[in-house]
Amino acid sequence: MQDANIILHHYAPSPFSEKVRLMLGYCDAQWYSVISPAMPPRPIVDPIVGGYRRIPVMQIGADVFCDTKLISAELSIRFSRPELNPFVDSNQKILEYSHNVDTSVFMAGVQASKPIAMLAAVFKLFSPLDALKFIKDRAGIQNNSSVKSVGYRRANELLEQHYNRMEETLKSTTYLFSDEIPSVADFSSYHNLWFKYLTQGGTSLESKPHVDAWFQRMKKIGHGNEIEGSKSTAFSSAKDYEPRVIDSACLNNSNIGKKVAVAPDDYAKDSVSGVLVGADDYRWIIARETHDFGHINVHFPKQGFELSLLS
């Protein structure tokens, strides 16, 4: 049997999905696009992943990868692009940078938009009914989030500081950590700025020409060979393939074989439960037994997630 295809569960306005779409373009990948609603329920991906509510999710057969850090590591290995792997020792500064951009800077970007402008963007991106559902859903996430709101003024100050640092860095280099090739840090910074453009209608970067030139370089990467997928694409792949063999280095954790739950530690804290079948310094692998697909392995990064034992 041939290797399973890459399937990306995503939706168009999702900034973290754009991060992965651009990485797929950078890898010159062929991938199947399976669209999910912007909020649960998500009738295609939910039965496969089992409770995790964030988007995007990358599926390769009966293996499912959650969080863009882990997705980028998988793409790095599959396409021999070590610059996309934040978990190798030499990339520790990149991992710390990317995590900060994907959490603190991203949340500042969300809070930096004026409420009226954000509402206008939401109603432009979604139908009126879906826009109302989206607003209610995201308000619920914020209420249960451990990431505290910093307010409109402070959020804009934090963003300005971030873009000023980028401008200084990019005066002397083509990309944030290299003069030759982008790293996962560039893709994290790109999707934040992409989201700013999306929600604020073409924000000017005239005062930061090096950031603007970098953004245009990144944008030209594109999305690779995107193929329209469907429910059948995802369900057939999950059913027809077995999870990949787990590396022996992932079998030494004392909790292997125990029932566990894994959930994000900051927001959208919905958990996935199953049996821990693999763990290393950077990831957990949870086995789920499903009625429709059989055995599914769900992969999570350790950074930004919590594991708890179930009785």
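Here are a few friendly notes on one helix pair, one cavity and one pocket in this predicted model.

1. **How H7 and H8 sit together.** Let's start with two helices, H7 (residues 152–170) and H8 (residues 184–200). Their axes lie 13 Å apart and make an angle of about 130°. Angles over 145 degrees would count as roughly antiparallel, and 65 to 115 as roughly perpendicular; H7 and H8 are therefore oblique to each other. The crossing of the two helices is left-handed.

2. **Who touches whom.** If you would like to find this contact on your screen, H7 brings Leu159, His162, Tyr163 and Met166. On the other side, H8 brings Ser189, Asn192, Leu193 and Lys196. Sorted by class, this contact of H7 with H8 holds four nonpolar residues, three polar ones and one charged one.

3. **An enclosed space.** How many cavities of 30 Å³ or more does a search of the whole structure find? The search finds one, and the space in this largest cavity comes to about 60 Å³. Its lining is made by Gly109, Ser113, Leu159, Tyr163, Asn192, Phe195, Lys196, Thr199 and Gln200. H7 and H8 are the elements that give two or more residues to this lining, and H8 gives the most, with five.

4. **Residues with two roles to look at.** Points 2 and 3 are worth reading together. Leu159 and Tyr163 of H7 take part in the contact with H8, and both also line the largest cavity. On the H8 side, Asn192 and Lys196 meet H7 and also appear in the cavity lining. By class, the lining of the largest cavity has three nonpolar, five polar and one charged residues.

5. **An open space elsewhere.** Now for the second largest pocket, which holds about 580 Å³ of space. It is lined by 30 residues, and those closest to its centre are Phe65, Glu74, Arg244, Arg283 and His299. By class, the lining divides into 17 nonpolar, four polar and nine charged residues.

6. **Where the pocket lining comes from.** Which element supplies the largest share of the lining of the second largest pocket? That is H3, with five residues. Strand S4 (63–66), helix H3 (68–78) and strand S8 (283–290) each supply at least two residues of this lining. For a quick look at the pocket, Phe65, Glu74 and Arg283 are handy starting points, being among the residues closest to its centre.

Technical notes:
Residues numbered from 1 in each chain as written. Predicted model: local features only at pLDDT ≥ 70, side-chain atom pairs only at ≥ 80, totals over all residues. Heavy atoms only, no water. Axes fitted to C-alpha atoms, helices over the stretch in contact; angles between N-to-C directions. Helix = DSSP H or I, 4+ residues; strand = E, 2+ residues; numbered from the N terminus. Parallel < 35°, antiparallel > 145°, perpendicular 65-115°, else oblique. Left-handed = near helix turned anticlockwise from the far one by under 90°. Contact = heavy atoms within 4.5 Å. Nonpolar A, V, L, I, M, F, W, Y, C, P; charged D, E, K, R; others polar. 1 Å grid on protein atoms, 1.4 Å probe; cavity = no way out; pocket = protein on both sides within 12 Å on 5 of 7 lines; lining within 4 Å. Points joined across faces, edges and corners; volume = space filled by probe spheres on them.
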